[in-house]
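Me: Please take one part of this model and go through it closely. I would like one connected account rather than a list.

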Amino acid sequence: MISRKRIKNTTNLFTSYEKNVCALCLLLFIATVPLYAGKLSDNTLSRKVHIIPNNEELPKNHHIKIEKKTPQIVIIPYVDKENIYIDNLPDYNAPLLSDKIGVSDSIEPFNRAMFKVDDFLFVYLISPISKGYNFIVPQYFRKGISRMDYNIEMPKRSFNNLLQAKWKGAGISFSRFLVNSTIGLAGFYDPAKAWFGWEKYDEDFGQTLATWGVAPGSYVYIPLLGSYTVRDGLASILDMAMDPRNALIITPVYGVTVFMKFNNITLKIDVIEQLRESYYDTYSLKRDFWYMKRTADIAK
Amino acid sequence: MINFKLKIFSLFLFTNILFGAATVKLDGYLSQGPYIDTLRYVSLKVKDWNFFKDGKIRSVKVIKNDDDNKLIYKLWLQDKPAPLIIIIPGLGGNYAGIAPTALAEIFFNKGSSALIISNPFSWDFLLSASSRITPGYTPVDALDAYNALDIVIKDAENKYGTNIFPRKILLGYSLGALDTLFIADIDSKEKKINFDRFVALSPPVNLLYGLNQLDHFYNIWRKWPLEKIEQTKNKAVYLIENPTPIGTNALPITSDEAKFAIGYTFRNILEETIKAIHSRKFFGILNIPFKSSSRQELEKEIERISYKNYVNTFLRASYSDLFGRNFSIKKLSGNASLPAIQITLLTNQKIRIIHTTDDFLLTNYDREWLEQVMGDRLLFLNHGGHLGYFNNPTAQKYIIKAIKGAKFKNISSSKNKNIIPVSNIIDSEKQIIDDFNRTVKNVDVTR
């Protein structure tokens with residue numbers, strides 16, 4: 001009797017509003033039971049999973065039995081969703097990028113032979129002398145000499161800017177020459193850039209011919225001088241003619257020119273050595289990258 | 001019973017929040033998406049060129065019967081005994097690369113000695129230290145690298161003193177990171193070197209997926225007109241000549257152009273590698289023979305070979321004696337990817353991984369999987385794509401922390417919804433390990 005009374009009293013403890021809320025919660029719980037059941041079966045009972053990757057010899061679905069004791073190890077299934085395992089072979093009909101933007105190398109055996117000569121000269125002559133020179137002459141001075149060399153070549157740049165109707169480039173190249181030759185102590189310093197922000201506008205006869213539509217022709221490699229195309233090689237003769245140093249046909253001036261060119265190489269010696277060590281076929285790399293850079297310069 | 005389940009649930013939740021992989025925001029990093037960000041990798045330069053020149057270049061004989069080709073490594077030694085950080089660069093990277101040298105410079109300036117060896121997927125490693133000449137199958141590449149490292153470390157210790165390296169840390173990035181993690185697996189079994197730490201920066205999880213991505217990127221040019229190809233090439237040249245200093249300036253390039261630049265760079269590496277393989281061994285795949293005087297036609301034939309083609313031709317030919325002629329690429333890729341060494345990744349507390357949340361070499365599932373396996377030994381950087389974070393000071397700070405063994409806790413939570421606890425290693429896992437061990441046993445360093 002007592003217990004019945006208690007039950008009756010207990011049921012009277014809830015208001016009708018609370019009873020409704022409880023009923024709603026119960027309904028929600030019942031509705032979500034299938035979801036919980038799925039989760040529980042996933043995590044604690046058993047499930048079908050791809051175990052580790054990509055081995056078609058393995059069963060695709062592996063049934064794992066879980067022991068109730070403390071787990072010793074945790075396996076995280078790796079499911080590869082990408083369908084990338086279709087075996088395929090090279091497409092021999094597809095167009096090649098090198099046919100579109102690469103350079104023709106019709107005299108490759110000659111070029112490679114010249115490159116070997118250059119490599120020999122670099123290893124046994126240029127590199128040791130450069131290292132000695134770099135040890136004695138500070139980089140500050142070497143960079144100054146390099147700027148002087150650049151400054152002297154102003155006529156070539158200004159003239160070719162004019163030939164390509166790049167008026168701004170021609171004007172700035174000439175102004176740079178005036179400022180750097182005077183305030184910059186014959187080009188040893190570059191106040192034109194430092195003070196006035198005047199950038200370089202590099203143009204040569206090879207670029208002029210390219211903008212006029214002259215085809216590049218084959219790639220040519222010349223020891224100590226480097227990479228050219230037939231067009232650029234021929235044009236470089238005109239570039240040399242525009243160099244004021246060559247107007248004075250006396251040996252000491254030639255000596256100065258050679259010294260300045262050598263000085264320029266010494267500034268790049270580390271990069272050249274780094275490239276020689278890094279690539280298997282340095283010739284191909286040098287040819288392709290030089291031509292990429294050359295066409296980019298022409299397009300500027 | 002209900003209380004017990006609640007406790008278990010709370011424990012999982014607590015564990016996830018406490019030990020989940022961390023995500024760190026890169027300070028001062030102007031992100032332009034993962035592809036353009038990746039190009040910022042080239043902005044990591046050696047600060048002092050004298051450092052580049054000061055490295056001691058040494059060579060060791062790794063292949064028993066080959067006296068002509070020795071493996072070259074580069075070493076920077078502190079004046080007194082100091083931890084040695086060994087760097088394995090990414091795909092195609094060699095000991096003279098700018099980026100690994102720049103990393104070595106950072107570590108050296110922090111007081112460590114540094115050593116760089118070439119990646120197994122580079123022309124000089126494959127000619128001087130690869131047991132099979134054809135790189136790309138990670139278990140064997142890693143074993144080759146492990147054997148080479150053993151010889152290299154002994155050589156350095158013989159030359160400069162046995163106690164000069166109180167600690168040895170192996171750090172790799174990209175494919176070098178994948179190799180590093182496989183080496184961690186080998187080192188835990190063979191215990192020849194006993195590395196103190198393994199740091200992997202941006203490893204691919206599924207190798208073939210990563211290589212496939214590179215193929216896709218390269219092939220973008222096929223949809224472009226010639227002007228667009230020229231324009232992209234010119235932009236790439238400009239970026240190489242004018243790399244942004246610390247990734248704070250926007251790069252003048254679109255995502256598609258960046259993808260192409262990435263694909264083109266990696267395709268060049270593959271071409272170099274195939275050329276080196278072809279110079280040494282004829283697999284019957286290329287029609288044009290290797291000549292020292294003229295290679296342009298050969299280069300055109302090689303240009304047709306994608307990474308996927310390479311795996312399907314050169315690797316298949318090279319490994320058919322191990323796996324039989326009819327083994328599939330899927331099997332090869334499975335054994336060469338991170339899930340094959342997941343038990344080592346789960347249990348080896350010496351391993352640290354740093355990745356980005358937007359690396360295109362990973363799928364979302366890869367990221368989730370990595371997070372679940374590595375927990376607080378994994379750090380995600382919020383930007384950088386693939387390796388585009390190297391020059392960021394925040395990233396560098398965390399790389400140093402990883403080297404020191406820090407764990408990355410409590411910044412974000414992972415969801416271990418796919419974790420299945422089991423009491424024993426399951427059969428298929430055993431099969432993978434057996435497969436790997438069989439591969440390793442069959443590798444002979446005598447070519």
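Reply: Two strands are said to pair if DSSP finds at least two bridges between them. With that in hand, the part to look at is strand 6 of chain B, residues 168-173, in what is a predicted model.

Strand 6 of chain B has a paired strand in strand 4 of chain B, residues 84-88; the two run parallel and share 5 bridges. One position in this pairing is B:L84, which stands opposite B:K168 of strand 6. Strand 6 of chain B also pairs with strand 7 of chain B, residues 197-201, again in the parallel sense and over 5 bridges. Here B:Y173 has B:L201 of strand 7 as its bridge partner. Between strand 6 and strand 7 of chain B the chain passes through helix 7, residues 175-190, and the resulting β-α-β crossover is right-handed.

How enclosed is strand 6 of chain B? Of its 6 residues, 5 are buried, so the strand is largely enclosed by the rest of the structure. The cut-off for burial is 20 or more other C-beta atoms within 10 Å of a residue's own.

Helix 7 of chain B, the connecting element, is mostly covered as well, with 13 of its 16 residues buried. Its length agrees with its residue count, because 16 residues at 1.5 Å a residue should span 22 Å and the end C-alpha atoms are 22 Å apart. Just after helix 7 of chain B comes B:K191, with a positive phi of about 55°.

Helix 7 of chain B is in turn part of what covers the buried residues of helix 8 of chain B. The cover also includes helix 6 (138-160), helix 10 (255-280), helix 12 (307-323) and helix 13 (329-335) of chain B. Helix 8 of chain B, residues 207-218, reaches 17 Å from its first C-alpha to its last, close to the 16 Å expected for its 12 residues. Of those 12 residues 10 are buried, so helix 8 of chain B too is largely enclosed by the rest of the structure. Among the buried ones are B:L207, B:L208, B:L211, B:L214, B:F217 and B:Y218, as well as B:N212 and B:Q213.

Now the wider setting. Chain B contains 17 helices and 10 strands, and 53% of its 447 residues count as buried. Of the contacts in chain B between residues at least 6 apart in sequence, 80% join residues at least 24 apart. In soluble globular proteins, nonpolar side chains tend to be buried together. The largest nonpolar core in this model has 131 residues, and B:I86, B:I117, B:L181 and B:L379 touch the most other members. Apart from that core lies another, of 7 residues, which include A:F115, A:V220, A:Y221 and A:Y291.

A:Y291 sits in helix 13 of chain A, residues 282-299. A:Y291 counts as buried because it has 20 C-beta neighbours inside 10 Å. Leaving out residues up to four places away in sequence, A:Y291 touches A:V103 and A:Y219.

A note on confidence in chain A: the average pLDDT there is 78, and 69% of the residues score at least 70. Residues 1-11 of chain A fall below 50, and this stretch has 0 contacts in the model beyond near neighbours in sequence. Residues 33-72 of chain A are also below 50, but that stretch has 68 such contacts.

Technical notes. Residues are numbered from 1 along each chain as its sequence is written. Chains are lettered from A and ligands numbered from 1 in the order in which they are written. Helices (H or I, at least four residues) and strands (E, at least two) are DSSP runs, numbered from the N terminus. A crossover is right-handed if, with the strands pointing away from the viewer, the path from the first strand over the helix to the second runs clockwise. Two residues are in contact if their C-beta atoms, placed from the backbone, lie within 7 Å. The expected span of a helix is 1.5 Å times one less than its number of residues. pLDDT is the predictor's confidence in each residue, from 0 to 100. A nonpolar core is a set of buried Ala, Val, Leu, Ile, Met, Phe, Trp, Tyr and Cys residues joined through C-beta atoms within 7 Å.
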